[in-house]
Amino acid sequence: MDKPLYYGQDKLHALHYFQFMMNILHSDLRRLDLNLLLVFDALLRQRSVGAAADELAMSPSAFSHALARLRAALGDDLFVRIGNAMQPTAYAERLAGAVSAALETLSQGLAEAGGFQPERSERAFVIAVTDYTAFAVMPRLLAGLQQAAPRLRFKLVHSRGRESAEDLAAGRIDFALGYVEDIAEPAAGIESFDWLEDRYVAIASRAHPGIRDGLSLEQYLAARHVVVTPWGETRGGIDRALERRGLRRDVALQLPSVLAAPFIIAESDWIMTLPRLAAQALSRAAPIAVHAAPFDIPSYTLKVYSHARHGRSAAHDWLRAQLRACAPLLQA
């Protein structure tokens, strides 16, 4: 049996009551099931029937049926398929702001009225992460959150760097974890706080023929390097730190993900510079040695980004407080 539209979603509580009240206030709403506005809002943000249906805990067929009802009620196609995405019509574009604002106001009002009870809530948080943050900090973070709020649900999605700001503004994600440079010039409404700070280190094979008791600058510059470029960038903080000294490194391999790196390093004479937390986690998976960086590299700061429009509910405030509280434990 298909789940109702309000299944498991905090923002959907008491919609039927509000529908009754709003129908009294506005005659145009009397012919519209307000649950269908959730269908509109989800598809507007996700641009995919499958993803929007998943967000509302519906089957794709039930979602398509609900969309057909909404189209009939409003007398417009609302969304048309262009390529692989469902794009809003001009009429849907005009409705978008009002629908999103109304649902957000309702969600926040209900949350404030009833309070957020983490030990009972089944709310789903969507967090954008890189593979580094996913394996280096999320396991310990989620273990702690599971103890405090055993029924919460989490969805980790791939961080798209600066484009994550658009996802935050659209409400597709609740939080994004990223470095300062990932969202260099945040759009209006983007809020952030410094979460974790750590230093860079270098990793090399334990069997590396030239590196035994520490890594010298001469060895570092003579070696070939592996770098991770998840968004296709050509240079990062390490390169800028070297450039300030009039130096550069010889990059042998670029990877889109850090997960393959330790196994490549273990079987080669290449080295890699990366955050200490990541290096420690990777050293447990492959025979690599962790060395102090042989030159001064500014510490990196991992930030937590959110949007003022979507991130001021009691649930967001609670998770934000949990993130702040666990930071010292994650850096230990």
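## A guided tour of the predicted model

Buried residues make up 46% of the 332 residues in the protein, where buried means under 20% relative accessible area, exposed means over 50%, and partly exposed covers what lies in between (1.4 Å probe, protein chains only). This is a predicted model, in which local features need pLDDT of at least 70 and side-chain atom pairs count only at pLDDT 80 or more, while totals for chains, interfaces and linings use all residues. Residues are numbered from 1 along each chain as its sequence is written, and side-chain values use heavy atoms, with hydrogens and water left out.

Begin with a cartoon view of the whole chain, whose secondary structure comes to 13 helices and 12 strands; helices (H or I, at least four residues) and strands (E, at least two) are DSSP runs, numbered from the N terminus. Among contacts between residues at least 6 apart in sequence, 76% join residues at least 24 apart, contact meaning heavy atoms within 4.5 Å.

**Stop one: Phe-40 and its surroundings**

The structure holds 7 aromatic pairs; rings of Phe, Tyr and Trp (its six-membered ring) pair if their centres lie within 6.5 Å, and planes under 30 degrees apart count as stacked, over 60 as edge-to-face and the rest as tilted. Select Phe-40 and Phe-79, which form a tilted pair with 5.5 Å from centre to centre and 55° between the planes. This pair links distant parts of the chain, since Phe-40 belongs to helix H2 (residues 35-46) and Phe-79 to strand E1 (residues 79-82), 39 residues apart. Both Phe-40 and Phe-79 are buried.

Keep Phe-40 on display and add Ala-96, which has its place in helix H5 (residues 90-114) and counts as buried at 11% relative accessibility. Ala-96 and Phe-40 are 56 residues apart in sequence, but their C-alpha atoms are 8.4 Å apart in space. Leaving aside its neighbours within four places in sequence, Ala-96 is in contact with Phe-40 and Leu-44.

**Stop two: helices H2 and H4**

Now show H2 together with H4, whose axes come within 9 Å and cross at roughly 110°; axes are lines fitted to C-alpha atoms, for helices over the stretch in contact, and angles run from 0 to 180 degrees between N-to-C directions. That makes H2 roughly perpendicular to H4, given that angles under 35 degrees count as roughly parallel, over 145 as roughly antiparallel, 65 to 115 as roughly perpendicular and the rest as oblique. The contact is made by Leu-36, Val-39, Phe-40 and Leu-43 of H2 and by Phe-63, Ala-66, Leu-67, Arg-69 and Leu-70 of H4. Asn-35, also found in helix H2, is buried with a relative accessible area of 4%, and from Asn-35 to Leu-70 the C-alpha distance is 9.7 Å, although the two are 35 residues apart in sequence.

**Stop three: two positive phi values**

Most residues other than glycine have a negative phi, and most peptide bonds are trans. Select Ala-57, which is not a glycine and yet has a positive phi of about 60°. Ala-57 has its place in the loop between helix H3 (49-55) and helix H4 (60-74), where it is partly exposed, with a relative accessible area of 24%. Then move to Leu-78, in the loop between H4 and E1, which has a positive phi of about 70° although it is not a glycine either; Leu-78 counts as buried, at 0% relative accessibility.

**Stop four: rings and charges**

Select Tyr-132, Phe-135, Tyr-200 and Tyr-300, which ring pairs link into a cluster. For a charge over a ring, show Arg-324, whose charged end sits over the ring of Phe-193, 3.9 Å from its centre; the criterion is that NZ of Lys or CZ of Arg is within 6 Å of the ring centre and within 35 degrees of the ring normal. Arg-123 lies over the face of Phe-125, at 4.4 Å from the ring centre.

**Stop five: helices H7, H13 and H12**

Show helix H7 (residues 138-148) with helix H13 (residues 314-331), which pack at an angle of about 130° with their axes 10 Å apart and are therefore oblique to each other. In H7, Arg-140, Leu-141, Leu-145 and Ala-148 meet residues of H13 including Trp-318, Leu-319 and Gln-322.

End at helix H12 (residues 276-283), where 6 of the 8 residues are buried, so that H12 is largely enclosed by the rest of the structure. The buried residues to select are Arg-276, Leu-277, Ala-278, Ala-279, Ala-281 and Leu-282.
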